[in-house]
Structure formats: structure tokens, C-alpha cells
Amino acid sequence: MTIFGIGTDIVSLKRIERIKKKFKYQFYKKILSKNEYQEIIKNNHPINFLANRFAIKEATSKALGTGIQQGIFFKHIELYYDKLGKPKINLLKNNINILNQSKIKSIHVSLTHDELYTFAVVVIET
């Protein structure tokens, strides 16, 4: 396999908290997929939840080489965890076309955070 793209992003939890306070549920609807939106309602740590998703979505858009544009939207990039707790990406809607055109075989995700920041790395292979 060949590396198609690498993307990284770092997010300040304080920044996410400010955005959440200002825009409330509009922010949720802008960046979260339907599944993620259902999850955050039950989540005890919404700031961490949002920061993780925001960082992963930014890193994914960078690895795709598109950024958030050209039919790529935050809510069409979904973060989920497998049975072992490993983070995974599910690309929704228009992103399927990108997968098919680019012949993407796998997407590798790494996510870490501390009290102040969340950091994400995404590597896409063809």
C-alpha cells in the first residue's frame, strides 16, 4: 500500500468550550453525524467528546487533501470506536465518492488528549 495522505490537528478544549457556549446545539449539528449527535446527548463529558470529533474531522480532511470544502463536511466524517476501543473513521455521503475515486484501502487514526488539548493523526493508504 501507498500513503495517500497524512493529516494532523490539535484542538484546545477551552476553545471548544467557548464555541459550545456561544452556539450551543447549532455547533453540534454542524460538526456531528447523526450517530455522534445521539451519542453526545448521553455523554458525561461533552467538551472532550466535541474536541475529539473536531480534531479527527480536521485531520481527516487534511489527509484527504480537501480540507472542509468541495462537498466534505464535518458531519460526514464520523468517529467511532471498535470493540477494543480503537478509534476508526466512517466516511459518509459524498465522501464515498472520494473513497472510490482515490482507491482508499484503509484509514489509520490516532487520538490523544490531556487536560488542555486533543491531538489527532490520520493516515490514509491506497
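This is a short tutorial dialogue on reading some features of a predicted model.

Reader: Let's start with helices. At what angle do the axes of H1 and H4 cross?

Author: Happy to. Two packed helices are described by the angle between their axes and the distance between the axes. Here, helix H1 (residues 13–23) and helix H4 (residues 46–64) have axes that cross at roughly 105° and come within 9 Å. Angles of 65 to 115 degrees count as roughly perpendicular, and H1 and H4 are therefore roughly perpendicular to each other.

Reader: Which residues make that contact?

Author: From H1, look for Leu13, Arg15, Ile16, Glu17 and Lys20; from H4, look for Pro46, Ile47, Asn48, Leu50, Ala51 and Phe54. By type, the contact of H1 with H4 has seven nonpolar residues, three charged and one polar.

Reader: Now the sheet. What is the strand order in the open sheet of three strands?

Author: Strands of a sheet pair through backbone hydrogen bonds, either parallel or antiparallel. In this model the order is E1-E5-E4, and the pairing is antiparallel. Strand E1 (3–12) and E4 each have a single partner strand and stand at the edges, so one side of each has no neighbour in the sheet. From one strand to the next, the twist averages 10°.

Reader: How many bridges join E4 to E5?

Author: Eight bridges join strand E4 (residues 106–113) to strand E5 (residues 117–125), and the two run antiparallel. They form a hairpin with three residues between them. To follow the pairing in the viewer, find His113, which stands opposite Thr118 in E5, and then Thr112, whose bridge partner in E5 is Phe119.

Reader: Where do the two helices we discussed lie relative to these strands?

Author: H1 lies across E1 and E5, and runs at about 75° to E1. H4 lies across E1, E4 and E5, and runs at about 150° to E1.

Reader: I also see E2 and E3. In which sense do they pair?

Author: Strand E2 (residues 77–81) and strand E3 (residues 87–91) pair in the antiparallel sense, over five bridges. One of the pairs is Tyr81 with its partner Pro87 in E3. This hairpin has five residues between the strands, and Gly85 takes a positive phi near 90° in it.

Reader: Which residue other than glycine has a positive phi?

Author: Most residues other than glycine have a negative phi, and most peptide bonds are trans. Lys24 is a case to look at, with a positive phi near 45°. Lys24 sits in the loop between H1 and helix H2 (25–31). Its relative accessibility is 51%, so Lys24 counts as exposed.

Reader: What about charged side chains in helix H3? Is Glu36 buried or exposed?

Author: The cut-off to keep in mind is that buried means under 20% relative accessible area. Glu36, in helix H3 (residues 34–42), counts as buried because its relative accessibility is 0%. Leaving out residues up to four places away in sequence, Glu36 touches Ile31, Phe49, Arg53, Lys57, Ile77, Glu78 and Leu79. The Glu36 side chain also reaches the backbone nitrogen of Ser33 at 2.8 Å.

Reader: How far apart are the C-alpha atoms of Glu36 and Glu78?

Author: They are separated by 7.2 Å, although the two residues are 42 residues apart along the chain. Lys34, also in helix H3, offers another pair to look up: its C-alpha atom is separated by 7.7 Å from that of Lys75, 41 residues apart along the chain. Lys34 itself is exposed, with a relative accessible area of 74%.

Definitions and conventions: Residues numbered from 1 in each chain as written. Predicted model: local features only at pLDDT ≥ 70, side-chain atom pairs only at ≥ 80, totals over all residues. Heavy atoms only, no water. Axes fitted to C-alpha atoms, helices over the stretch in contact; angles between N-to-C directions. Helix = DSSP H or I, 4+ residues; strand = E, 2+ residues; numbered from the N terminus. Parallel < 35°, antiparallel > 145°, perpendicular 65-115°, else oblique. Contact = heavy atoms within 4.5 Å. Nonpolar A, V, L, I, M, F, W, Y, C, P; charged D, E, K, R; others polar. Buried < 20%, exposed > 50% of the residue type's maximum accessible area, 1.4 Å probe, protein only. Polar contact = N/O pair within 3.5 Å; in protein donor to acceptor, adjacent residues only side chain to side chain. Pairing = 2+ DSSP bridges.
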